[in-house]
Amino acid sequence: MLNNINVSGLSEYANEVKENNIQGKASYGVELNWESGTKTRVKTKNMVLGNHKLIRDFSFIIDEPTQLLGVNCAPNPAEYMLGGLAGCMAVTFMAGATAMDIQISELKLEIDGELDLQGFLGLNSEINAGFPELKFIFHVKGSGTKEQYKNLMDRVTRHSPNYNTFKNEVKMIGELNA
């Protein structure tokens with residue numbers, strides 16, 4: 001174990017995927033149900049990882065602050081999205097550090113961005129409703145050198161699934177069932 005990650009398990013899984021790429025395919029999903037106002041409940045769907053069906057029975061609430069017509073009882077969609085991005089980047093960083101035999105004693109990741117809600121409100125068609133940029137900072141302490149940490153950060157930008165979903169245009173396929 002290094003960084004509370006099973007080193008041999010990480011290596012075995014990488015070899016398994018190398019031998020049979022189907023084992024590296026992961027399917028995710030969520031189901032959202034509106035509760036009231038801006039409050040919704042999200043439930044995870046079961047996950048498929050290679051040939052394995054994994055039970056994923058989690059749920060969470062999404063809401064907006066009162067200034068955005070919510071009741072401020074939970075993080076909003078943007079905060080969950082940024083949390084998911086940060087979490088994926090951290091997992092990629094920690095897996096890389098473990099593979100490089102670097103002991104991490106502290107990792108903190110900050111992600112910040114600014115939305116112009118004129119886009120969301122439909123007040124200005126020239127304003128993108130999404131984040132035009134996101135800034136992130138890794139704060140790390142451990143047995144690695146600054147150069148190794150820089151290499152790990154570069155690895156995150158190449159290998160983190162959520163980072164690359166943000167960075168690259170993802171095809172969105174919508175359907176209505178009314």
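This briefing describes a three-stranded sheet, one residue of its middle strand, and the aromatic pairs of the structure.

The model is predicted, so local features are given only at pLDDT of at least 70 and side-chain atom pairs only at pLDDT 80 or more, whereas totals for chains, interfaces and linings use all residues. Residues are numbered from 1 along each chain as its sequence is written, and side-chain values use heavy atoms, with hydrogens and water left out.

**The sheet**

- Three strands form an open sheet in the order β2-β3-β6 with antiparallel pairing; strands (E, at least two residues) and helices (H or I, at least four residues) are DSSP runs numbered from the N terminus, and two strands pair if DSSP finds at least two bridges between them.
- Because β2 (30-36) and β6 (59-62) each have a single partner strand, they stand at the edges, and one side of each is left without a neighbour in the sheet.
- Neighbouring strands are turned against each other by 25° on average, direction ignored, where the axes are lines fitted to C-alpha atoms and angles between N-to-C directions run from 0 to 180 degrees.
- Strand β3 (residues 39-44) runs antiparallel to β2 and is joined to it by six bridges, and one residue pair between these strands is W34 with its bridge partner T40 in β3.
- The hairpin formed by β2 and β3 has two residues between the strands, and G37 in the turn has a positive phi of about 55°.
- On the other side of the pairing, four bridges join β3 to β6, again antiparallel, and the bridge partner of R41 in β6 is I61.

**Strand β3 and T44**

- The side chains of β3 alternate, with T40, V42 and T44 pointing to one face and buried, while K39, R41 and K43 point to the other and are not buried; buried means under 20% relative accessible area, exposed over 50%, and partly exposed in between, with a 1.4 Å probe and protein chains only.
- T44 lies in strand β3 and is buried at a relative accessible area of 19%.
- Apart from neighbours within four places in sequence, T44 is in contact with G29, V30, R56, D57 and F58, contact meaning heavy atoms within 4.5 Å.
- A polar atom of the T44 side chain lies 2.6 Å from the backbone oxygen of R56.

**Aromatic pairs**

- Five aromatic pairs are found in the whole structure; rings of Phe, Tyr and Trp (its six-membered ring) pair if their centres lie within 6.5 Å, and planes under 30 degrees apart count as stacked, over 60 as edge-to-face and the rest as tilted.
- The ring centres of F60 and Y80 are 4.6 Å apart and their planes stand at 35°, so this pair is tilted.
- This pair links distant parts of the chain, 20 residues apart, with F60 in strand β6 and Y80 in helix α2 (residues 77-99).
- F60 is partly exposed at 27% relative accessibility, and Y80 is partly exposed at 28%.
- F136 and F138 form an edge-to-face pair, 6.0 Å centre to centre with 90° between the planes; F136 is partly exposed at 26%, whereas F138 is buried at 13%.
- One aromatic cluster is formed by F93, F136, F138, Y149 and Y163.

Key
Polar contact = N/O pair within 3.5 Å; in protein donor to acceptor, adjacent residues only side chain to side chain.
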